[in-house]
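Here is a short tour of one model, written for someone who likes to check each statement against the coordinates. Please keep the viewer open as you read.

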Amino acid sequence: MQSKPLTAFKKIGPLFTSTHFKDAKDPCVVFDGVGWHIYGSGGSVSKETWQILHATAPDIEGPWKEEEPVALLGIDGPHVAAPSVYFDQVDCLFHMAVQKDFMSIGGSIEYLVSANGKTFTRMSTILDPIGGTSEAGLYDPHFSLIGNSRYMAYSGIPAVMTYDRPFVPQPDVYLAKSDRNLWSGPWQRVRKILDHEQISWHHNKREHPDYEWGIEGPQLVELPDGSILLNATCFIEEGRRGTRQRVFFAHSLTVDGTYTSLGPVLSERDAEWESGENGHATVFIKDTIVYLFYQARSQSNPEPTQNNWHYGLALFRVEDVINAAKVA
């Protein structure tokens, strides 16, 4: 268990207010060598219909400007969302991994490419679900370059849900590696790297009578000392639904684990615009700073089904993250 919570030394937000969508979720931050991009899910949590949101900025801290939604060629559907985008400095292309579904089993992970960051073309399915297993549904993929090797973390939904209740996804976190070290793959499964039991001190247990959701939004980042930071989203057991989602960090000496959780890293009342619930985030390490882009509910509406999601940015010192991992 974490002995001393990490504390952001600076917070910015909301980064912008979308003019295209009611809710902005699942941010992924990208640097293309000149400027900065955020790709995310734009839509409505009440309708659960989504497109790919896009924003740009001259600096990592902003100011951020919303662009037109991204065009996806060769793939469609209301739950195509939560994009992971990596700009490769070698081929000068934007590489995207995206989910097809997150509310049912059977969803795959798709691979798309873009030359301009505005229109992405589907190239292939890079990871299929495996029916009847703990990876019967796949979603929230995230590309990472670690030790010059290409990895992808993702959430896997089990085919059989435990305990007698209506269908609620109970995903754990999985890892895949590119065989040819290309973003196109082929991708080979490595193993499950984090499950419910490993973070039970701050994540709802499967047997909880009001279980809300599983572990999602995973991302792996290599720290300057060569160890690995896992950024993901958990759901605490306390409080009513619509208040429990939290960004947390976990740490490992190797990319395939074992991961030790540092616990939730964002205070509920750090910023006046936030209601207290935060989730699906992306880390970008620049110089000595860990930049954490995350989604948060605003205080504008009291009811969870009416509460708009916006993006926030929290800054941590790299040395604080590494020191917290040493005592975890």
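## The open sheet

In what order do the four strands of the open sheet lie, and is the pairing parallel or antiparallel? In this predicted model, the order is 2-3-4-5, and the strands pair in the antiparallel sense. Strand 2 and strand 5 (65-66) are the edge strands; each has a single partner strand, so one side of each has no neighbour in the sheet.

Further in, strand 3 pairs with strand 4 (residues 49-57) through nine antiparallel bridges. Within this pairing, S41 of strand 3 (residues 36-44) faces I52 in strand 4.

## A closer look at S41

Is S41 buried or exposed? With a relative accessible area of 1%, S41 is buried, since the cut-off for that word is under 20%.

The side chain of S41 has polar company. It makes a polar contact of 2.6 Å with the side chain of D26. A polar atom of the S41 side chain also lies 2.8 Å from the backbone nitrogen of A82.

Setting aside neighbours within four places in sequence, the residues in contact with S41 include D23, A24, K25 and D26. Also among them are W50, Q51 and L53, then A81, A82 and P83, and finally Y311.

## The largest pocket

If you are thinking about empty space, the largest pocket has a volume of about 690 Å³. Its lining counts 31 residues, and K25, E48, W213, Q245 and R297 are the ones nearest the centre. One of these, K25, is also a contact of S41.

Which strands each supply at least two residues of this lining? They are strand 2 (23-31), strand 7 (81-88), strand 11 (137-146), strand 19 (274-286) and strand 20 (289-298). Sorted by class, the lining of the largest pocket holds 14 nonpolar, eight polar and nine charged residues.

## The second largest pocket

The second largest pocket offers about 600 Å³ of space. Its lining is made of 25 residues, with Y86, L145, V221, V283 and F284 nearest the centre. By class, 16 of the lining residues are nonpolar, six polar and three charged.

At least two residues of this lining come from each of strand 2, strand 7, strand 11, strand 15 (216-222) and strand 19. Strand 2 therefore turns up in several places: it is an edge strand of the open sheet, and it contributes to the lining of the largest pocket as well as that of the second largest pocket.

Methods: Residues are numbered from 1 along each chain as its sequence is written. This is a predicted model: local features need pLDDT of at least 70, side-chain atom pairs count only at pLDDT 80 or more; totals for chains, interfaces and linings use all residues. Side-chain values use heavy atoms; hydrogens and water are left out. Buried means under 20% relative accessible area, exposed over 50%, partly exposed in between (1.4 Å probe, protein chains only). A polar contact is a pair of N or O atoms within 3.5 Å; within protein, one must be able to donate a hydrogen and the other to accept it, and residues adjacent in sequence count only if both atoms are side-chain atoms. Contact means heavy atoms within 4.5 Å. On a 1 Å grid over the protein atoms alone, a cavity is a set of points where a 1.4 Å probe fits but cannot get out, and a pocket is an open set with protein on both sides within 12 Å along at least five of seven lines; lining residues have an atom within 4 Å of a point. Grid points are joined across faces, edges and corners, and a volume is the space filled by probe spheres set on the points. Ala, Val, Leu, Ile, Met, Phe, Trp, Tyr, Cys and Pro count as nonpolar, Asp, Glu, Lys and Arg as charged, and the others, Gly among them, as polar. Two strands pair if DSSP finds at least two bridges between them.
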